[in-house]
Amino acid sequence: MSKKRYNWVVFAVLAVGAVTMIFPFVWMILSSFKTVRDVYTYPPKWLPSEWNFNNYASVFSLIPFGRYYLNSIITSVAQTVIQIALSVFGAYCITFLSFPGKKFLTTLIRSTMFVPMVVTLVPMYLIVSKLHGIDTYAGIILPQVLSAFTLFLVASFFASIPKDLIDSARIDGCGYFTIMGKIVIPNAKSSIATATLFAFLGHWKSYTWPLIITNKDKFRTLPIGMKYLVQESSSEYQVMMAAAVMAILPVLILFVIFEKQLVKSVTLTGMKA
Amino acid sequence: MKKAFLVIMVVLFASAMVFATGAAEAQQEARPDVVNIRIWYSIGGASGQFFEQQVNTFLASHPEIKAELTYTGSYADSNTKIAAARLAGDAPDLIIVSASQIYPGEDGNYEMEELVKDKDFDFGDLQPGIVEYAKYNGRLTSLPFSISTQVFYYNKDLAKKAGLDLEKNPPKTWDQFVEVCQKIQAANPGVWGFDTSDGVWLFKSMLKQNGNQVVEAKGEDITPIFDNAAGVKVGEFWKSLVDKGIMPAQQHDNAEKKFLAGTLAFVAATSNRIAKWPGSTEFEIGAIEMPYFVEPAVFLGGSTATILTQDKWKSDACWQILKYVLATDNQAEYSLVSGYLPIRKSVLQKADVKAYINDSELYRVATDQLSYAWAYTHFGAMGSMDTFFWYALDDIESGKMTPEAALKNASKQLIAEL
């Protein structure tokens with residue numbers, strides 16, 4: 001097969017894959033402008049019979065969407081920042097430092113990945129309750145900032161930094177923090193960006209913990225609010241689609257910001273994003 | 001002198017002890033100026049807002065009670081929160097959620113049996129079948145609140161095309177119902193005959209219709225009986241609905257969506273949809289009473305109200321609120337707004353309710369079904385039983401197991417759980 005024909009075949013396969021992936025999003029956006037009758041019409045209508053912008057307003061009138069959105073932004077950003085900071089420090093330690101009990105500690109941290117979240121839910125709730133953390137941002141944020149997955153993800157990229165660079169910096173008299181700030185982090189920007197995206201995505205869609213720890217609308221997050229929308233507008237999918245469009249915006253924005261670094265890290269490691 | 005002094009001191013000391021104890025008791029007995037309570041409820045949308053309105057109306061005229069109202073989402077989410085809060089010793093005072101009677105029932109708390117003796121409550125006015133729904137192991141631990149049954153909604157346009165007037169001649173038995181579905185499907189190619197958004201709920205109704213009470217309760221001992229001959233017969237009928245192409249297999253989650261899209265003739269869904277569906281479709285929606293095997297029966301669903309607090313004054317405050325919202329007039333308003341069924345017989349005698357029933361075919365069918373509504377004994381593992389039923393129906397519909405094997409398997413799992 002000539003190279004030109006081969007390229008067309010590859011393009012066709014990729015185009016089909018792209019259309020399949022993007023179809024749900026296009027359907028979601030178009031449905032967010034439909035009327036309730038358009039949503040349930042069979043055969044399905046691609047375009048709305050009349051463009052209805054009221055669905056977006058309906059979201060705000062059915063639930064305190066703005067408040068939930070703000071809470072999700074506050075908690076997700078805080079959790080992501082703290083988690084990445086802790087993971088970078090932790091990954092630096094287990095990759096570049098030697099200290100007694102390092103192997104044991106690394107194994108212990110790794111073993112926490114095998115414990116399902118539901119097992120720790122009740123003990124965590126008891127602790128947070130005793131510390132008066134129910135219906136507080138601290139109660140939502142702090143129990144979820146530790147992640148062995150993020151730590152080892154960052155560590156795996158740190159391990160690919162040539163040891164010679166670190167040794168040279170040491171010879172030049174650099175301390176641990178200088179090496180981390182001036183050598184390690186700049187060389188692992190793409191991996192930290194990837195880890196940030198993963199962490200943010202996980203926290204943005206976190207449901208069970210915020211559900212249990214919050215009783216007041218003042219602190220509830222978007223995933224809980226979206227679930228209430230399912231209950232309250234059980235037959236109004238067009239309203240739910242409008243809420244979904246607004247809910248994925250921060251994730252899309254973050255992806256656009258970090259796209260270059262994400263692609264670079266995927267290319268370097270062959271890891272699926 | 002010394003002896004006399006000693007005696008006087010002892011007497012004075014003893015008196016002081018008596019008075020101090022009395023004062024302490026008097027202090028414990030004294031009602032606080034304001035009683036603060038927390039109410040968690042799983043009633044969403046317009047129904048939930050109406051409930052909040054009713055409670056706030058009560059609180060406006062009772063400044064000695066302050067209530068924090070929290071909507072806690074679906075039944076599953078609400079029970080997750082309540083279970084976690086109870087474990088942490090931080091449970092709310094009053095809850096309104098499905099199967100809430102399990103909490104006091106498992107603690108052996110039957111305080112509700114005393115509360116309903118209140119002369120201002122009129123316990124005898126509650127529909128008997130609905131009261132059974134609020135019991136745990138045969139004893140009253142809660143009160144029914146948002147009660148519903150499954151209603152058979154149908155697409156009138158599809159029925160008209162098949163030449164059927166189901167308002168005048170509805171099918172009564174399941175065999176007649178199957179015939180009607182087949183006629184509608186013949187006249188409307190590409191349309192499914194029937195489906196339900198909650199197969200387990202419907203299956204339990206069908207068991208009772210065929211003389212099977214689902215479980216047998218002897219004191220605190222529960223024995224599953226849904227796998228006996230009568231139960232297996234119901235399972236075989238369920239399978240036949242799939243085999244005849246009337247009901248799609250394993251697609252119950254999409255049942256209501258299919259119905260609203262006009263591709264399903266009948267759907268069995270909660271009576272709560274009465275308040276939401278009319279006007280939202282291109283076709284007219286009608287309703288028929290649930291078909292039956294031997295005798296009519298519809299299984300009740302919905303939420304119950306339970307007082308969890310052991311504090312005397314908080315419990316009293318919760319009881320005052322419950323009495324208010326469950327009074328005839330307030331219950332009538334709530335029922336008409338929410339589509340949930342009236343729990344009081346007196347509600348059905350009110351003129352405005354009678355007029356509404358006359359005007360609304362859907363509401364009329366739902367309230368007519370109340371005369372044969374029932375509930376089996378509630379017990380601790382009934383949530384698990386529903387899960388086992390769900391898997392059994394899945395296996396029956398997919399053909400993975402015969403109805404008998406699937407039901408026997410579910411029974412075995414429930415016995416192990418018990």
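**Chain B up close: two domains and where they meet**

**View 1. Chain B splits into domain 1 (35-148 + 301-374) and domain 2 (150-299 + 381-417).** Keep in mind that this is a predicted model. Each domain is put together from two stretches of chain B, so follow the numbering with care: 150-299 of domain 2 sits in the sequence between the 35-148 and 301-374 pieces of domain 1. Measured out over C-alpha atoms, the centres of the two domains are 27 Å apart.

**View 2. Here is chain B as a whole, with 17 helices and 15 strands.** Along the principal axes, its C-alpha atoms take up a box of roughly 110 × 50 × 30 Å. Of the 418 residues in chain B, 45% are buried. As for contacts with a separation of 6 or more, 77% of those in chain B come from residues 24 or more positions apart.

**View 3. Zooming in on the meeting place, 20 residues of domain 1 of chain B contact 24 residues of domain 2 of chain B.** On the domain 1 side, α13 (328-338), α15 (361-368) and β15 (373-374) of chain B each chip in at least two residues. These three elements all carry numbers from the 301-374 piece of domain 1.

**View 4. A closer look at α15(B), the top contributor to the side of domain 1 that touches domain 2.** This helix, 361-368, hands over six residues. Sorted by class, that whole side of domain 1 of chain B holds 11 nonpolar residues, seven polar ones and two charged ones.

Key
Residues numbered from 1 in each chain as written. Chains lettered and ligands numbered in written order. Predicted model: local features only at pLDDT ≥ 70, side-chain atom pairs only at ≥ 80, totals over all residues. Helix = DSSP H or I, 4+ residues; strand = E, 2+ residues; numbered from the N terminus. Buried ≥ 20, exposed ≤ 12 C-beta atoms within 10 Å, placed from the backbone. Contact = placed C-beta atoms within 7 Å. Domains from an automatic or database assignment. Nonpolar A, V, L, I, M, F, W, Y, C, P; charged D, E, K, R; others polar.
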